[in-house]
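This report examines the salt bridges and the sheet arrangement of one protein model. The sequence and structure are shown first.

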Amino acid sequence: MIKLKFELSIDEYDSLKELKTEDKFLLERAKNAADSAYAPYSEYYVGAALLLENGEIITANNQENAAYPSGLCAERIAVFYASTQFPEVAIKKLAISAKAKNFKIDTPVPPCGACRQVLAEYETKQKNKIEIILMGESGKIQIIQGIETLLPLMFHAEELKK
Ligand code: THU
């Protein structure tokens, strides 16, 4: 038996002032998107903003439904929409922010497992890493280079061909 070890690294910033203007702007767009989320059941509002290789910015937020599983996360709506509108354009960055009705979110909010798997698919397709920028309503900012950090041992399309 051997132990396989993995090293993950995340860049953490204390303040928005330390960020590149482009990253700050993208986070701002994600925060604004969260404001108009349709989340009457969880009262948890997530915003996502994608920066595409062609400079286009796509924003989305979570959409809930009385039949709970029919709703969808902000990240997947953003990525699916990007793929429908710009199927051949790579995703450079994804900023995610969240707020809640009944409490303050002061830590970065990472994407859920299903969103990580979907992001992994597009990252594999485009053969370039997606930078993920995370922030709550306030507090520290985390920047992650590529989905593998969030989803080690991910399921790849190649597994289907073995
Ligand atoms: N949510 C997202 O939009 N993204 C995530 O990565 C985690 C959760 C949404 C789904 C649901 O509408 C609400 O947040 C509470 O789970």
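In this predicted model, K93 is buried, because its relative accessible area of 5% falls under the 20% limit. Its side chain nevertheless takes part in a salt bridge with E22, with an N to O distance of 3.0 Å. K93 belongs to strand 4 (residues 91–100) and E22 to helix 1, so the pair ties together parts that are 71 residues apart in sequence. E22, in contrast to the buried lysine, counts as partly exposed at 38% relative accessibility. Both residues are also members of a network of salt bridges that links E22, D23, K93 and E131.

**Further salt bridges**

How many salt bridges does a search of the whole structure find? The search returns seven. One of them joins K99 and D35, whose closest N and O atoms lie 2.8 Å apart. Here K99 is in strand 4 and D35 in helix 1, so this contact connects parts separated by 64 residues in sequence. K99 is partly exposed, with a relative accessible area of 29%, and D35 is partly exposed as well, at 49%.

Another salt bridge is formed by K140 and D14, with 2.7 Å between the closest N and O atoms. K140 sits in the loop between strand 5 (131–135) and strand 6 (141–145), while D14 sits in the loop between strand 1 (11–13) and helix 1 (21–35); the pair therefore ties together parts that are 126 residues apart in sequence. K140 counts as partly exposed at 35% relative accessibility. D14 counts as exposed, since its value of 54% is over the 50% limit.

The N to O distances of these three pairs are set out below.

| Lysine | Acidic partner | N to O distance |
|---|---|---|
| K140 | D14 | 2.7 Å |
| K93 | E22 | 3.0 Å |
| K99 | D35 | 2.8 Å |

**Sheet and helix**

The strands named above belong to an open sheet of six strands, ordered 1-6-5-4-2-3, with mixed pairing. Strand 1 and strand 3 (57–61) are the edge strands, each pairing on one side only. From one strand to the next, the twist averages 15 degrees.

Strand 2 (residues 44–52) pairs with strand 3 in the antiparallel sense over five bridges. Within this part of the sheet, A49 stands opposite T59 in strand 3.

Helix 1 lies across strands 2, 3, 4, 5 and 6, and runs at about 45 degrees to strand 4. Helix 1 and strand 4 are also the elements joined by the K93–E22 and K99–D35 salt bridges.

Terms used:
Residues numbered from 1 in each chain as written. Predicted model: local features only at pLDDT ≥ 70, side-chain atom pairs only at ≥ 80, totals over all residues. Heavy atoms only, no water. Salt bridge = Lys/Arg side-chain N within 4 Å of Asp/Glu carboxyl O. Helix = DSSP H or I, 4+ residues; strand = E, 2+ residues; numbered from the N terminus. Buried < 20%, exposed > 50% of the residue type's maximum accessible area, 1.4 Å probe, protein only. Pairing = 2+ DSSP bridges. Axes fitted to C-alpha atoms, helices over the stretch in contact; angles between N-to-C directions. Contact = heavy atoms within 4.5 Å.
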